[in-house]
Amino acid sequence: MTISLDALRREGDEFHQTISRELYQTGAGLKKTAELQAIYARYANVLSDDALDMVRELFRDARDGSDEQRSARILLEWEADARVSRELAELDEREIAWESSAVVRMEDGRGIQYQQIAIDIANAKDRDERLRLERARASLVAKELAPMRQERFRREKDIVEGLEIAGSYNATFTALSGVNLPSLVEECRAFLRDTQPMWDDVFAEVVRRELDIDPKDATRADALALMRAPAFDPYFPSKRMEPEVRRQVADMGADATAKGRVIFDTADREGKNSRAFCAPVRVPQEVYLVLRPHGGQSDYRTFLHELGHALHFANTRADYPFEYRWLGDNSVTESYAMLFDHMLHLPGWLARYTELGAPRIPGFLRAAGFEELQFLRRYCAKLIYEHELYGGEHSWQSLPDIYVDTLSQATSFRYDPADAFVDVDPRYYAARYLRAWQLQAVIGEALVERFDEDWYRNPRAGPYIVEQLFAEGQRELAHELAERVTARTLSFAPLVRATEAMLVSV
Ligand SMILES: [Zn+2]
């Protein structure tokens, strides 16, 4: 049965609302299990072969640079993603089942739930124990999880290349996402080169001081322990988190509930996720921000991040078509979420809205700068590696060595070959994060120029952010948005400046 563009938009919107409400209710503990299969079956029309053919044709026929092409590209990316998800559902379910039941066996006979092991590694103060846990984890992953994941990526590559949109997996991603993958990979290589001296300096110093080991011996397990550092958590009390952040958004001249469209679900409830999340059930009319405050800096970061998403969805123009409100380049929504969570990098914000206090702020910023640079370098390396993985020029057997070399060199922590297919975000989510990071940084600089260092409490900044940024939904690609709002191109340069400033803060 053929489907018209209007019907696809209408039913697509309903489909997303239904799925999102189901996920909100299960994540908030209002419902035991998500019945997604039934929803997919009810809306089979939306993700049918006919719908895919229809938008593929629209995309091919549309004039370059037209609104029709923009819409068709977004819809085609959505149809293609949904197709891949549907065909991989069985493999993904098998993997989830494995993850929830697998047990890591230690040499001394102890058994530890796979899902618990990363937390235990991060919390292990004794290094020998940390490395024992890591060895046991890696050997189980290499034997059982890695083969499943490798099969998954092989299948994904075949399915995407079978869509006949572009010649290869990588070319298809570039065509559908609007992200120029080869040039982003080059930017990542340049970023790694440019920040190498800065990284070498801080890496050796921090590893010696915090872990008391030779920097040459540091592994990814040590990195997990290092990033876990809870030293500043008491200054981020759970009770003050929501009221202080609401106060800051009000200082900025905006409303943390977007006139009631963002609904804060803060009640304690059995079965509710412990991590905050945002569920846009109707965009922009009904957006849930679900949280269970427990305090600490990572809780603040997650809350701010999810609030950025929530305010974005809740302020999107209601008259935009489905694809601009629900779909599009996720680098955009991730950049708004990062704009909010990166307020934790602003000394004035920390002084005003947390209990950190002036004397502790420089130390906090140096630690945050180290973490930021580590994550940026890790994500650059991930993208470079994933580009090889999907590129098809290397045999699947040779990829683990490439993974270890690329990630270890970039982060200075030694990675394990067992993770070569496990530590991969499907369909280049790393590219979205990297573009979001760049966009967040360039918007941050533009906000300082327009509204001063303390833009986050300038009553003119909030309305500007709402009207110029959030209202557009995800109509634009990240680089188009950067050019419209800041008249600058996306690049790593503002991130290098911000990170440098944090690391030298005294
Ligand atoms: Zn996010």
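**Exercise 1. Determine which residues Leu-383 is in contact with, leaving aside its neighbours within four places in sequence.**

Solution. Two residues are in contact if their C-beta atoms, placed from the backbone, lie within 7 Å. With neighbours within four places in sequence left aside, the contacts of Leu-383 are Leu-184, Val-185, Cys-188, Ala-430, Ala-431 and Leu-434.

The model is predicted: local features need pLDDT of at least 70, side-chain atom pairs count only at pLDDT 80 or more, and totals for chains, interfaces and linings use all residues. Residues are numbered from 1 along each chain as its sequence is written.

**Exercise 2. State which residues have the most contacts inside the largest nonpolar core, and which helix gives the most to this core.**

Solution. A nonpolar core is a set of buried Ala, Val, Leu, Ile, Met, Phe, Trp, Tyr and Cys residues joined through C-beta atoms within 7 Å. A residue is buried if 20 or more other C-beta atoms lie within 10 Å of its own, exposed if 12 or fewer, and partly exposed in between, with C-beta atoms placed from the backbone.

1. The largest core has 121 residues, and Ala-310, Cys-380, Leu-383 and Leu-434 have the most contacts inside it.
2. Helix α16 (residues 361-391) gives the most to this core, with 15 residues. Helices (H or I, at least four residues) and strands (E, at least two) are DSSP runs, numbered from the N terminus.
3. A second, separate core has six residues, including Val-104 and Ile-117.

**Exercise 3. Describe the order and pairing of the open sheet of three strands.**

Solution. Two strands pair if DSSP finds at least two bridges between them.

1. The strand order is β3-β5-β4, with mixed pairing.
2. β3 (262-265) and β4 (277-282) each have a single partner strand, so one side of each is left without a neighbour in the sheet.
3. β3 and β5 (residues 286-290) run parallel and are joined by four bridges; Val-262 has Val-287 in β5 as its bridge partner.
4. β4 and β5 pair in the antiparallel sense over five bridges, and they form a hairpin with three residues between them. Here Phe-277 stands opposite Val-290 in β5.

**Exercise 4. Compare the expected span of α1 with the distance between its end C-alpha atoms, and list its buried residues.**

Solution. The expected span is 1.5 Å times one less than the number of residues.

1. For the 23 residues of α1 the expected span is 33 Å, and the end C-alpha atoms are 32 Å apart, which agrees.
2. Leu-8, Gly-12, Phe-15, His-16, Ser-20 and Tyr-24 are the buried residues of α1.
3. Among the elements covering these residues are α3 (49-61), β4, β5 and α13 (322-326).
4. Just after α1, Gly-29 takes a positive phi of about 80°.
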